Each structure stands twice: as C-alpha cells, then as structure tokens.
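Colleague: Could you take one helix of this model and look closely at how it packs against its neighbours? After that, please place it in the rest of the structure, in words that a first-year student can follow.

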Amino acid sequence: MKKTDTMQGSLDLLVLKVLSRQPKLHGYAIMTAIKHISGDVLNAEVGSLYPALHRMEETGWIRAEWAAKDSGRRTRLYQLTAAGKKQLDAEITRWRTVSSAIDRVLQEA
Amino acid sequence: MSFWSRITYAFRGDRLNHEIDEEFAAHIEEAIAAGNDPTEVRRTFGSQLHLREQSRDARIAAWLDCLRADLVFGWRQLLKRKITTAAAVLSLSLAIGACTSAFRLIDALFLRPLPVAHADRLNFLAIRVPDGNGVLRTFDQFSYPEFARMRAAAQGQAELIAASFTSRSDLTYATDNEMEKGNVQYVSGWMFPAFELQPALGRLFTADDERTPGAGPYAVVSYNYWTRRFANDPGILGRSVHIGGKMFQIIGVGPKSFTGTEPGTITDIFLPIMMNPNVTRDDTRWLRTLVIVNPGVPIEPLRAKLDAVSLHFETERAKGFVGMSQHNIEMFLRMKILIEPAASGVSRLQNDYRRALVWIGVLVILVLLIACVNVANLMTAQAASRAREMALRVSIGAGRSRLVQLVLVENAMLAFFSAALGALFAWWAAPFVVSRINPPDNPAHLVLPAHWRVLVFDTLLTLAVALFFGLAPALRASSIQPVAALKGGEEPHSKQRSIYALIAAQVAFCFVVLFLAGLFGATFRHLSSQPLGFDAKNLLLLETYTPHGQLPESWSQMADTLRAVPGVNAVAIAGWPLLSPGNSWNGSISINAGPPTDTWGWFLSISPGWLGTMKIQLLEGRDFNSTDSFPGEAIVNQTFVKTFFNGADPMGHTFEKVNPSGRRQLCRVIGVVPDATYSSLHDPILPVAYVPFRQSDENGAINPADGGTFLLRTSGINPLSLAPTLRRLVAKSNPAYRLSNVKTQQELVDNQSIRERLLALLALFFATVALLLAAIGLYGVLNYSVLQREREIGIRIAVGARIGSIARLVTTQILVTVFIGAVAGIALGMASVRYVQTLLFGVKGTDPSMLVVPALVLLAAALFAALPAVLRAARIDPSIMLRAE
C-alpha cells in the first residue's frame with residue numbers, strides 16, 4: 001500500500017463519508033455529492049476519484065456492484081464495507097487530530 | 001477483490017479494460033444528463049487511456065501482468081533463434097541432468113534417512129585400530145559376545161542392535177536341486193520394535209527371538225522380496241525355506257518401505273541373529289552394531305563407556321593370543337570405538353563409493369559451470385545484438401528493473417526447459433549408473449524415488465543456473481546508454497572483457513575435467529593391465545559346497561568326472577578362486593620355531609594340478625601329489641621367500657603357520673612359484689603359501705571339505721556356455737555336491753576394477769562433453785568478435801595487411817585467454833590432486849604427463865575452434881565490406 005498523503009487521505013475520507021450517509025452511489029453521484037455538501041468548495045477530480053475508488057475497492061473498504069440503468073447501460077454502484085466503516089472512523093479521528101493541530105499552530109502565530 | 005482476483009485479472013486484461021471503460025461511459029452519460037456540456041465532461045477525463053492504466057493498476061497484479069507479457073515476448077524470442085536456443089537447452093539440460101543424477105545417487109546413498117523411527121538418532125559403531133605397521137584402519141565388524149556386553153553396558157542410554165552384513169546366499173523353498181539366491185541378513189530380535197516397524201503380514205521378530213542360540217528357526221521376508229519372488233501371495237506364511245543347511249519357517253512380511261539397513265542392498269530375508277552359527281563365538285567378527293541413542297544422552301560419555309567395555313573384552317581375549325606377535329597384540333589393543341551417524345543406514349557401497357561419488361559430483365558441477373558460461377556468452381553476444389532494442393525501450397520509458405526482468409524471464413524459461421529435459425535425462429541416467437556399480441551377479445539396488453529433496457534440489461539448481469548465466473547479460477542490457485546504442489557506435493572492447501574472463505574460467509574448468517578424466521582413465525588402465533601372475537582366460541569357476549562335507553578323494557573323483565567333458569582341458573580344485581573378494585586365510589609365520597612374525601602370511605588350499613590349470617610355472621621344486629596334505633607340504637611364492645626367508649633358497653626348509661590360539665602347523669617348502677595376485681588387484685603382492693586341499697586335523701585324520709571351487713580350463717569355447725551341462729552333470733553324478741555360483745575367472749578380474757571403470761567411463765564422458773562445450777564456446781566468441789570487427793579487418797586488408805597478421809589480430813587475445821585459463825586450470829588440478837589420490841592406482845597426480853596431455857588436447861581443441869573464425873576473417877572482401885557501410 002502506498003503512503004497516503006494529506007490530499008489523497010482527505011479524498012478517501014470524503015468518499016467514505018459520503019458513502020456512509022447514502023449507500024449505493026455511482027462515481028458521478030459521489031463527485032456531485034462532495035461538491036454540493038461542501039458548498040462548491042471541494043471538487044473531486046475525475047482523474048483522482050476513480051483511481052481512489054478502485055484502490056479502496058481493492059483494499060476492501062468499499063464494495064462495488066453492477067446495476068442496470070433505464071438507458072440500458074450498466075453502472076457501478078459503491079457502498080461501504082465493515083472495514084470501510086472502521087477506516088472512516090479512523091480517518092475522521094486522524095483528520096480531527098491534524099486539523100486541530102494545524103489550528104493550534106495558526107493560533108500561536 | 002483479493003490477491004486471487006488480481007491474479008485472475010492479469011490473465012483477463014481485456015475484460016478489465018472493458019469494465020473500466022464501461023464505468024467511465026456511464027459517468028459521462030450521467031454528467032450529460034445532469035445538464036453539463038458534453039465536451040467539457042469528456043475533457044475532465046483527460047487522457048482516458050492514462051486514467052484507465054491507473055485504475056487498471058489498482059485492480060490488477062501489475063507485476064504479474066508484466067510477467068505474462070515478458071513470458072510471451074521471451075517465448076517469441078526463443079523461437080526466433082531456434083538454433084541458439086536448441087544448443088543452449090541441449091547443453092544445459094545435459095549438465096543439469098548429470099547434476100541431478102549425481103544428486104539422486106548421493107541422496108539415495110547418503111542423505112535419505114532410513115524409513116524407521118528415530119533415524120535421526122541412529123548411529124553405528126566402528127573400531128579404529130592401527131595395523132602392524134601403525135597405519136590406522138577402521139572397520140565395523142563385531143562378534144556377538146562383544147556386542148552383548150556393550151548392549152548391557154549401554155542399557156538406559158542407548159539401544160544397541162546387531163545386524164549381520166547382508167550376504168547373498170543359496171537357499172531353496174523346495175529340494176536342494178532347485179537352489180536360488182537371496183540376500184540374507186541376521187538381525188536382533190528387538191530391531192523391528194526399536195524401529196517401530198509394523199508387519200505387512202504375520203508378525204515380525206521380537207526380543208523373545210533373541211534369547212537362546214539356535215532356538216527360533218523363523219524368517220521374515222521383506223515386502224520388496226515378497227512382491228518380487230511371491231507376487232504378494234498371502235500364502236507365504238508358514239512356508240519353509242532352507243538356508244545354509246537349516247530350515248526356517250516364514251512368519252511374516254516386513255513393512256513396504258523397509259528394505260534393510262544397507263543402502264545399495266535390498267534384504268530379502270531377515271533371520272534372527274541367534275540362528276547364526278557364529279553367535280556364540282568371540283573370535284569371529286560378523287555383525288554391525290547399530291545404536292539408537294536415547295534423547296538427550298551425550299555421545300562422548302557413551303562412546304567412552306562402550307570403548308572401555310570393548311577394550312576390556314578384547315584385553316581378556318588377547319590373553320589367549322599366544323600365537324600372535326607381541327607387537328601386533330599391542331597395536332590391536334590401541335583400538336578405539338567410534339560412534340558414527342547412520343541416519344541413512346550403513347553399507348559397504350557407501351564406503352566404496354563415497355569419494356568416487358563426490359568426485360563425480362565435482363565433475364558434473366564443472367561441466368554445469370562450463371555449460372553455464374557457454375550460455376552466458378551466448379546471451380551476452382545476443383544482448384549486444386539487442387542493444388538497439390533495449391535502447392529503444394529505455395528511451396520510451398522502460399524502467400531498468402523492467403529490462404532486467406525481461407531478460408531474466410527469458411533466461412529463466414531457457415533454464416526451465418533445460419531442467420525439464422535434464423530431469424528426463426536423470427530419470428534414465430541414475431539407474432543406469434547404479435546398474436554399473438556391482439558385479440552383474442550381485443547387482444546394487446538403490447531405491448531412487450522421485451523424492452521432494454530431489455525436486456527442491458532441481459528447482460534450486462535451475463534458479464541458480466538461470467541467475468548465473470542470465471544475470472550478467474540482464475544487467476548489461478539494463479545499463480545500456482540509449483544515446484550511444486542508437487548512434488550505433490559503442491566501443492566493442494569494453495563489452496568483451498567479461499566474455500574473455502568467462503572464457504578463461506571455462507578453459508580452467510575444462511582443464512580440470514580433462515585432468516581428472518586423465519587420472520581416472522590412467523588408473524583404470526594401470527589396474528586392468530596389472531600383471532595377474534596367472535592366465536585368467538577360458539577359466540571357468542564352479543563354486544561348490546557339500547552340506548555334510550566330502551573327503552578329498554571324493555572331490556578329486558568329481559574333478560575327474562568334469563575333466564571328461566568335451567572342451568575341458570584341465571580341472572583343478574582350490575578352496576576358493578584367486579581375486580574372489582571376501583575370501584582370505586592368514587596367520588603369523590614362525591621360522592625355526594621362532595616367535596610369530598608381525599607380518600601375516602596368506603594361504604590358499606589347492607589340489608595337485610592347480611598350478612598347471614592356472615598356468616603358473618614352478619620356479620623350483622615340484623607340484624603337490626595326492627598324498628601331500630596340510631599341515632605337511634607347501635608351495636610358496638617369491639614374496640613369501642623374500643619376506644620370511646630373507647630371499648634365501650627355501651627348498652626343503654620348514655615354517656610354521658601360527659594361529660592366534662597358539663596352534664602351530666608345520667609345513668615343508670617343496671616348491672617355489674612366481675608372484676600372483678591374491679585377493680585384490682589394489683593391494684601389493686602378498687606373501688602367499690599354497691597348501692594342499694587335502695587337510696588333516698590335530699590327530700592326523702583327513703578332514704572332509706564342505707566347500708571348494710572347481711577350476712576348468714576350457715579350450716577355445718566360451719566357458720560359460722558349458723555351465724548348464726556341468727550343472728546337470730554334477731547333480732547327476734553325485735547329489736552331495738551343490739553348485740552355487742558358476743562364473744569365469746575373467747569376471748573376477750574385471751570386478752576388481754569395476755569402480756575404476758565406472759569412474760573412468762563417466763569422467764571420459766564428461767571430459768568429452770566439457771571439451772565440446774568449451775570448443776563451441778570459443779568458436780562462438782571468436783566468431784562474434786570477428787563479426788564485430790569486420791569493418792576494421794576490411795580496412796586493414798584494404799591497406800595491405802597479410803593473412804598472418806589478420807590471424808594474429810583475431811586470435812591473439814583468445815589464445816592469451818586460453819593460456820591464462822589453462823594455467824589457472826593446472827593450479828586448480830594440482831590443488832585437487834591431493835584429495836583424489838585415494839581413488840587412484842599406479843598414477844601420480846603430479847606426473848608431468850598427466851598435465852601435458854590434457855593441456856595439449858585443450859590447445860588442439862582451441863586451435864580447431866579458432867580456425868573457422870580465422871578463415872572468415874581472412875575471406876573478408878574489403879570492397880564488399882566497405883561498400884556495405
């Protein structure tokens with residue numbers, strides 16, 4: 001497993017959080033959800049979203065299944081796994097620690 | 001999504017690509033449906049190909065995908081160069097196969113544990129004792145009384161098991177006229193329980209079978225024998241077998257895996273040790289002592305304890321050695337008991353072939369190295385020709401490690417194919433070598449299963465080989481400088497340095513192989529041209545015994561009967577034939593009633609006419625007549641005269657044969673004959689006294705003889721063709737006589753050098769292979785270097801260089817290399833000769849001719865290999881060459 005830097009780490013966090021609220025979303029829905037909830041501040045690029053999804057799927061944090069759409073096309077729907085829930089908790093704790101630490105540093109200055 | 005799914009995806013890459021594309025398409029559709037600008041949406045995907053690769057990497061075992069691609073590519077590369085590939089695979093498979101065969105033999109003989117419980121704690125006892133000349137000898141024979149004392153002393157610390165030396169014996173399940181051979185071994189009753197072996201049928205011996213001598217006439221047959229002889233017939237229980245004049249009842253069949261304690265011999269019939277006629281004798285050493293040491297018991301104190309018991313036993317016994325010289329008794333009592341590991345059993349075959357197998361191992365490893373060097377050179381040359389391809393790969397972004405992998409995979413495939421072929425070769429070769437080990441009438445049986453150890457060895461060997469010849473070319477390929485390579489101008493000389501180093505190594509190894517082959521060949525030649533002192537041709541030997549003994553007159557009547565057979569010129573009788581292993585008779589000699597000598601005299605009983613039949617000329621005196629007997633008369637050889645009569649004329653003088661018990665048997669010398677070999681071709685000529693076959697006991701009564709050998713000199717016909725006639729004739733004319741073995745004297749002579757012949761044969765074979773490989777290697781490298789320098793040579797010829805200087809230019813470097821290699825080889829050979837000396841006979845490793853011949857052969861091969869390249873260089877036409885540029 002590659003080392004997760006903050007940027008990538010936060011994308012994982014956002015994706016996991018979105019999926020924890022609402023299971024069975026496809027990639028585009030996850031992307032728009034992040035955008036809407038953050039009030040258009042955060043934007044997950046396609047170029048990083050899909051590799052992240054596939055990577056997390058590979059790690060076992062999320063699960064994917066194919067679903068037929070009205071148009072006849074198939075789409076891939078993602079949802080959290082038990083391991084993913086645990087990972088979400090861990091990511092949240094980590095994020096809180098890091099952000100509060102950064103806050104402290106900013107207040108000092 | 002697991003490791004497994006990633007692996008399966010590696011082989012279904014198209015489907016994965018398709019799925020990823022489908023997901024992206026769905027995304028784009030959604031985005032457009034949500035009211036986004038289609039072009040804009042598509043643009044967010046950027047290079048879809050790149051994205052796909054990234055996603056693909058996440059879901060696929062990337063290394064495996066590369067490996068698959070490399071395998072396919074490597075396979076195509078190998079197919080493209082069919083001849084090189086075939087040459088490489090052939091030479092490697094021969095070498096790997098030879099290595100595997102050698103390993104299989106070594107494994108079967110020395111490594112594989114016996115299929116018994118506690119094999120890891122199994123040992124055997126040996127005795128190291130200085131002989132009369134102070135030279136340390138080791139043997140492992142014990143008498144039963146000594147064994148019993150040691151066993152009692154070791155109680156609680158170790159279990160001692162007695163097992164006789166397996167002997168090929170005459171036995172019958174019916175009448176005495178239907179004799180057959182079987183390997184018989186007398187074993188302790190508690191051997192089967194101690195080894196925790198279970199019968200396949202009936203019961204095995206127990207400790208109860210080892211209480212009273214002669215009380216339990218039972219036999220257990222081995223599973224192997226049960227299958228071979230009785231086709232697994234359960235009705236075997238209760239049948240009786242006659243062995244050595246006794247009847248045994250078969251009570252059980254041993255377990256399938258157990259074939260006895262001697263690797264190389266499969267025991268057919270186990271008998272209780274108490275049934276051996278020698279079991280009560282303390283002066284006959286006929287059994288091995290196996291020791292299962294209890295867990296946690298330290299070896300050295302146990303050894304010291306057994307040593308003390310044994311020494312005490314022998315010291316007591318030595319008090320009765322009045323017929324042995326004081327010096328010899330002293331030397332004998334310096335004996336020391338050793339505990340040697342015997343996890344894989346213990347046998348004579350191990351002893352005889354330990355060093356020989358090690359050296360065969362060395363030879364095959366050298367041949368393997370030579371083959372590896374050859375392939376490495378081939379690969380290096382190929383890597384050079386693939387420089388442009390590699391450079392291209394580097395410039396479009398291939399990682400160095402990827403290139404190493406690419407080349408290594410290709411080489412590993414080569415190695416793998418070679419290993420597969422080699423395994424086939426070994427499957428045939430190992431049993432073939434085993435079949436050459438023993439005399440044909442008593443073949444060695446080594447169980448050679450396809451064991452996991454052999455498999456592991458093969459795999460490791462293959463990997464090592466692939467790395468050995470593949471790593472250097474792989475690293476070279478990866479370290480390529482694209483700029484230089486694509487320009488086409490690389491400096492050829494730096495590239496070749498490693499090739500020349502390899503060639504030098506190859507020449508050195510080849511020299512060592514040739515040198516060793518020369519030594520083994522010369523040893524065999526010396527041994528087989530050793531003067532025998534008698535004529536072995538057209539001499540048939542009938543080993544005969546009479547269970548109840550027959551008087552000498554009866555024996556000579558039988559000789560007369562045989563003499564009447566057409567084609568038989570002369571017949572004589574002897575106790576046993578000359579050069580028959582295991583038969584000897586010795587005693588101290590006393591001249592003029594003096595003290596017994598330190599040196600043994602050796603004896604053989606012969607009938608009148610034996611000297612003539614053997615074509616041994618009397619130098620002085622007369623042959624025996626029918627009234628001579630032992631004690632009484634003797635004919636001695638020249639060494640006997642030198643040793644005991646200081647070379648003085650012994651005619652009419654007397655000597656005494658002194659037995660350890662002190663009994664003296666007086667003999668008057670009535671004839672002198674030239675030296676002849678006695679029991680072994682390897683030993684120096686022994687002082688031998690021939691005494692009459694007619695022997696009398698202390699009271700002067702003539703002893704009936706229960707065994708002897710008829711010697712028949714035939715005229716012109718193959719002696720063995722008479723065998724069936726003679727068997728019938730003997731059975732018909734006197735049923736008291738049983739023919740045991742019928743063989744020729746020539747067989748016995750040949751059997752003396754069986755190991756040397758095998759070594760010489762294998763060494764010669766490997767030397768030929770090594771020379772061939774080295775020559776091919778030289779040829780390849782030279783040819784390659786000429787190809788590379790064609791332009792330069794063309795220019796030189798154009799400006800007027802002569803053929804001679806071109807030849808020098810092409811060959812100087814390689815000849816220097818060969819020279820360096822040969823010098824290194826000589827050094828290696830000289831260093832190794834010390835260790836090989838025990839296998840040699842009549843050859844000094846330091847003999848200059850032993851060095852010169854291989855060196856000349858090597859030089860000739862090098863010149864021969866260089867010829868095509870020189871011709872090629874000389875034929876270069878500058879006008880064509882330069883126009884092509």
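Modeller: One definition is needed before we begin. When two helices pack, their crossing is left-handed if the near helix is turned anticlockwise from the far one by less than a right angle, and right-handed if it is turned clockwise. Keep in mind throughout that this is a predicted model.

The helix I have picked is α12 of chain B, which covers residues 348-385. One of its partners is α6(B), residues 82-111. The axes of α6(B) and α12(B) are 9 Å apart, and the two helices pack at an angle of about 160 degrees. Angles over 145 degrees count as roughly antiparallel, and α6(B) and α12(B) are therefore roughly antiparallel to each other. In the sense defined above, α6(B) passes α12(B) in a left-handed crossing. As for what fills this contact, 22 of its residues are nonpolar, five are polar and none is charged.

A further partner is α23(B), residues 754-788. Here the axes come within 10 Å and cross at roughly 10 degrees. Because angles under 35 degrees count as roughly parallel, α12(B) is roughly parallel to α23(B). This crossing, too, is left-handed. The contact of α12(B) with α23(B) contains 23 nonpolar residues, four polar ones and two charged ones.

Now for the surroundings. The domain assignment divides chain B into five parts: domain 1 (3-60), domain 2 (66-112 + 349-488), domain 3 (119-348), domain 4 (491-530 + 753-885) and domain 5 (539-716). Domain 2 is thus written as two stretches of the chain, and so is domain 4. The centres of domain 2 and domain 3 of chain B are separated by 45 Å. Where these domains touch, domain 2 of chain B gives 14 residues and domain 3 of chain B gives ten. Our helix appears again at this place: α6 and α12 of chain B are the elements that supply two or more residues to the side of domain 2 that touches domain 3. That side has eight nonpolar residues, four polar and two charged.

Taken as a whole, chain B has 27 helices and 23 strands. Its C-alpha trace spans about 130 × 80 × 55 Å along the principal axes. The radius of gyration of chain B is 37 Å, whereas a compact globule of 885 residues would have one near 29 Å.

Two details of the backbone in chain B are also worth a look. Most residues other than glycine have a negative phi, and most peptide bonds are trans. Asn538(B) is not a glycine, yet has a positive phi of about 55 degrees. This residue sits in the loop between α17 (492-528) and β13 (539-550) of chain B. The peptide bond from Phe630(B) to Pro631(B) is cis, with omega near -5 degrees. Pro631(B) belongs to the loop between β17 (620-621) and β18 (632-637) of chain B.

Chain A offers a helix pair to set beside those of α12(B). The chain has four helices and two strands, which run α-α-α-β-β-α from the N terminus on. The C-alpha trace of chain A spans about 60 × 30 × 25 Å along its principal axes. Helices α2 (residues 27-37) and α3 (residues 46-59) of chain A have axes 11 Å apart and pack at an angle of about 120 degrees. The pair α2(A) and α3(A) is therefore oblique, and their crossing is right-handed. From α2(A), the contact takes Gly27(A), Ile30(A) and Met31(A), while α3(A) contributes Leu49(A), Tyr50(A) and Leu53(A). By class, five of these residues are nonpolar, one is polar and none is charged.

Finally, the chains meet each other, with 17 residues of chain A in contact with 17 residues of chain B. On the side of chain A, the elements α2, α3 and β2 (74-80) each supply at least two residues. The most come from α3(A), which gives eight. This side of chain A has four nonpolar, seven polar and six charged residues.

Note on methods: Residues numbered from 1 in each chain as written. Chains lettered and ligands numbered in written order. Predicted model: local features only at pLDDT ≥ 70, side-chain atom pairs only at ≥ 80, totals over all residues. Axes fitted to C-alpha atoms, helices over the stretch in contact; angles between N-to-C directions. Parallel < 35°, antiparallel > 145°, perpendicular 65-115°, else oblique. Nonpolar A, V, L, I, M, F, W, Y, C, P; charged D, E, K, R; others polar. Domains from an automatic or database assignment. Contact = placed C-beta atoms within 7 Å. Rg over C-alpha atoms; globule rule 2.2 N^0.38 Å.
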